[in-house]
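I set out to examine one nonpolar surface patch, the helices behind it and the confidence of the chain concerned. My entries follow in the order of looking.

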Amino acid sequence: MTDREARERARKLRFFRLLGIVFLMMIFLLSFLRLVWPRKSYSAQERRSLAQLPEMTTENLKNGTFSNAMEDYLADQFPARNVWVYLDELRGHIMGEKYSQGVYRSGSGYLIEEFKRKDDARAAKTTKAVIDYLREYPDIRAYFMLIPNASWILKDKLPKGAPIDSQEEWYASWEQEVRNAGLSNLTVVSPVQTFIDETKLDKQIYYRTDHHWTTYGAYVGAKTLAASMDLPFENQNWKQVQVHSRFQGTLMSKSGFYSRTADAIELYLPEPEIACVTNYKEQQKTLPGLYSSEGLAGDDPYEVFFGGNYPWLNISTNAKSNRKLLIFKDSYANAMIGFLCPFFSEIHVVDPRYYTGDIRTLTASAGITDICFLYNINTYYEDGSLSLILEGGEADE
Amino acid sequence: MNNHYKKLMRKSLHMILGAIGFFLFVSLLYIFSVSGKKPVQAGVDVVKQIEAQNLPALLQEIRQKEVTEVEVTLPVPDGPSVPVPGWTDDETGASAQNGETEGKTLNFNDFPDLTDIPVIQVTESQTDAPAQVETQTDPVPTEPVTEPPQTEPVTDPIPTEPPLTVKQIRINDFKKEWNEKLDLNDVRNLSAEEQQQIHSMFMNTIFFGDSMTQAIGDYGFIDMSQVVYKRSASLDALKEKIPEVAAVFPERVVIFVGLNNCNYYKTPEAFADAFTAMVESLREQIPGVSLYVSSLLPPSDVLGSTRADLVRAPMYDALLNHTANLLGVEYIDANWIVRQQNYLKDGIHMNRTFYRVWFRYLQMLMSPNL
């Protein structure tokens with residue numbers, strides 16, 4: 001063996017020995033950290049509870065659930081888990097990963113939820129249920145407003161070639177269906193053109209990291225609706241109050257994409273002030289105003305509106321009007337109801353996903369003068385609960 | 001050799017430290033770019049201010065507006081009024097509208113639904129239901145009276161007592177109609193229209209009590225969210241539930257309790273004291289509420305024959321009536337609705353038929369007089 005070869009060999013040996021030692025030390029270090037790291041029960045980042053140490057029983061061991069639970073536990077309680085998840089996201093960002101769990105990483109820091117036309121029949125069923133229901137009340141004015149999502153209005157920001165189905169197409173067919181029903185008391189309200197115009201003016205209609213519309217978007221939507229409802233909306237002034245400066249919404253948790261931008265949440269309070277109280281019907285409590293500081297401080301600050309979604313709210317105001325509104329909604333309307341309060345003496349807010357009562361009794365007994373259906377297209381398309389609560393026909397004894 | 005390994009250890013340590021350093025760098029990046037919610041304090045303060053508003057004051061403001069906008073319609077005689085003996089000319093419907101009737105105070109803000117308006121002419125009838133007047137008069141026409149009223153003496157023998165109020169007449173009619181139906185066991189379930197009327201009338205009412213109240217929700221007469229009850233509870237135990245009632249700030253509370261009170265309270269006086277305490281507590285926690293209490297019903301004859309303690313119930317009820325009147329709580333007599341065949345097997349609770357009549361009675365009592 002020559003000198004050089006001997007040196008080569010020694011170096012290789014040194015390297016592998018070094019590798020071995022580092023490897024061993026890493027393992028020991030990590031094992032030690034895993035043992036002593038404090039256990040967490042809930043991840044605010046991922047909005048879910050984290051797995052805890054599973055119980056060991058003979059049953060568990062035999063059918064394999066114990067080992068699965070153990071794996072989940074070890075993964076969830078990994079030391080500094082959030083940092084590792086972040087590191088992974090960083091890697092994905094650099095590598096150009098743009099799609100995760102139904103959400104696209106789009107331009108200007110936007111996260112946009114996809115729209116997939118899977119089952120047109122369900123939405124058609126809902127539309128039919130609404131029309132049949134409204135036919136029973138020909139004297140009550142009705143409004144149907146579907147809000148387009150960011151995947152339509154902000155489609156320029158989507159990654160090129162993203163395989164998203166067109167909400168525009170589906171909406172056109174839906175509108176045709178509603179018009180064909182020929183209900184004289186029903187008005188279809190469409191904020192689409194207004195949203196497109198506002199977006200051109202660089203106004204923010206949607207949150208960057210949440211699937212909801214901003215309060216400004218709700219304001220524009222309310223303006224459009226108020227025009228159809230004959231409400232003196234222009235005469236009403238609003239005071240803007242910023243309540244959150246770093247809104248990290250549902251799309252961030254859903255996709256795992258971290259946004260490097262900050263969204264603000266604003267409230268628009270009527271000026272002059274109006275008196276309003278919210279009666280949470282099934283929770284049996286009545287609270288002043290429409291907002292919840294607890295919701296604001298929680299994991300989902302969008303819950304500043306009413307503290308979340310409830311089956312049935314009855315909002316009473318001192319508005320000088322005899323009109324009473326019944327609104328069927330998903331969470332989009334939460335931001336918009338505040339804009340309607342100065343014009344109705346009572347607003348009944350029903351969320352069909354949680355409502356368990358009899359809607360016909362409510363409609364007749366509460367003296368409703370206006371009915372409104374307010375949904376964003378994504379939820380309207382996928383949710384079946386509206387048709388469920390509207391079915392029923394004649395109330396039985 | 002030692003030296004060799006020392007160098008190795010040093011190098012490996014460097015690598016580990018390097019890895020840890022990198023990791024710490026990433027964690028810093030994470031902390032600064034991602035974590036931390038930032039509600040804006042000024043905004044939070046505004047929201048908290050809204051939440052801290054005084055609820056009774058707000059409700060007062062909202063409801064006040066409703067009351068002042070409602071038009072008060074009283075029966076106004078269209079033709080020249082025929083003076084009824086015992087009443088002066090001033091006591092026409094017109095001045096009743098201004099609240100100037102002698103001896104009666106019309107206080108709409110307190111009891112907007114219960115106006116006791118003396119009937120000036122018994123022939124006048126602007127109610128929808130045909131009024132079978134039980135006093136000694138001729139049957140009245142059912143269409144709204146637009147022609148001049150009859151000029152023959154309205155009452156044959158002149159009554160020595162003051163004529164019945166509209167409210168009293170309606171109560172008597174109601175009782176007559178439903179007593180018949182109860183005796184024949186012909187009590188239909190509430191029609192859809194009746195259900196709707198009940199729902200809208202009782203939107204701001206809470207039903208409060210023990211298992212007698214629970215039945216109201218169980219039988220589906222009203223939404224359970226408007227029923228606050230505690231089974232087998234005494235009045236004292238029910239006091240703990242008052243905050244639940246207060247949380248919704250109802251306009252009216254209807255109290256319906258039963259025979260367990262005869263057990264808990266050894267004397268009717270003790271029961272009356274407990275009732276007084278509960279009323280005070282309710283009034284304190286829900287300022288401006290209108291209170292109603294339904295009779296404490298007796299046990300069935302079968303049960304009463306074996307339970308000496310329960311058969312005293314009418315004594316408790318009588319004292320309840322008396323105490324309620326003293327406290328300004330409206331006492332609702334439900335004893336006339338009781339029929340032996342409408343008791344449940346336990347001889348204490350009533351069946352659906354009873355509640356059908358009870359609810360209709362309540363609705364009639366609380367609907368604004370026409």
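**Entries on a nonpolar patch and chain B**

I began with the origin of the patch: H1(B) provides its largest share, four residues. I note at the outset that the model is predicted.

I then listed the members. The surface patch is formed by Met26(A) and Leu29(A) together with Leu13(B), Leu17(B), Ile20(B) and Leu24(B), and their joint accessible area is about 500 Å². I checked which elements contribute at least two residues each, and found helix H1 (3-36) of chain A and helix H1 (2-33) of chain B.

I next took up a single member, Ile20(B), which I located in helix H1 of chain B. Is Ile20(B) buried, partly exposed or exposed? I recorded Ile20(B) as partly exposed, because its relative accessibility is 35% and that class lies between the 20% and 50% limits.

I turned to the geometry of H1(B). This helix holds 32 residues, and I read a span of 46 Å from the first C-alpha to the last, close to the 46 Å expected at 1.5 Å a residue.

Which residues of H1(B) are buried? I noted Leu8(B), Ser12(B), Ile16(B), Phe23(B), Val26(B), Ser27(B) and Tyr30(B). I looked for what covers the buried residues of H1(B), and the cover includes H1 and helix H4 (81-95) of chain A. H1 of chain A thus appears in my notes both as a contributor to the patch and as part of this cover.

I then surveyed chain B as a whole. I counted 14 helices and five strands in chain B. Of its 370 residues, 45% are buried. Among contacts in chain B with a separation of 6 or more, 71% join residues 24 or more positions apart. I put the accessible surface of chain B at about 19,300 Å², with 55% of that area belonging to carbon and sulfur atoms.

I closed with confidence. Chain B has a mean pLDDT of 74, and 72% of its residues reach 70 or more. Where in chain B is confidence lowest, and where is it highest? I found the lowest mean, 38, in helix H4 (residues 93-97) of chain B, and the highest, 93, in strand S3 (residues 252-256) of chain B. Over residues 67-155 of chain B, pLDDT stays under 50, and for this stretch the model has 102 contacts beyond four places in sequence. For the model, I entered an ipTM of 0.80 and a pTM of 0.68.

How values were computed. Residues numbered from 1 in each chain as written. Chains lettered and ligands numbered in written order. Predicted model: local features only at pLDDT ≥ 70, side-chain atom pairs only at ≥ 80, totals over all residues. Heavy atoms only, no water. Patch = residues over 30% accessible without salt bridge, like charges linked within 9 Å, V, L, I, M, F, W, Y side chains within 5 Å. Areas by Shrake-Rupley, 256 points an atom, 1.4 Å probe, with all protein chains shown as cover. Salt bridge = Lys/Arg side-chain N within 4 Å of Asp/Glu carboxyl O. Buried < 20%, exposed > 50% of the residue type's maximum accessible area, 1.4 Å probe, protein only. Expected span 1.5 Å × (residues − 1). Contact = heavy atoms within 4.5 Å. pLDDT = per-residue confidence, 0-100.
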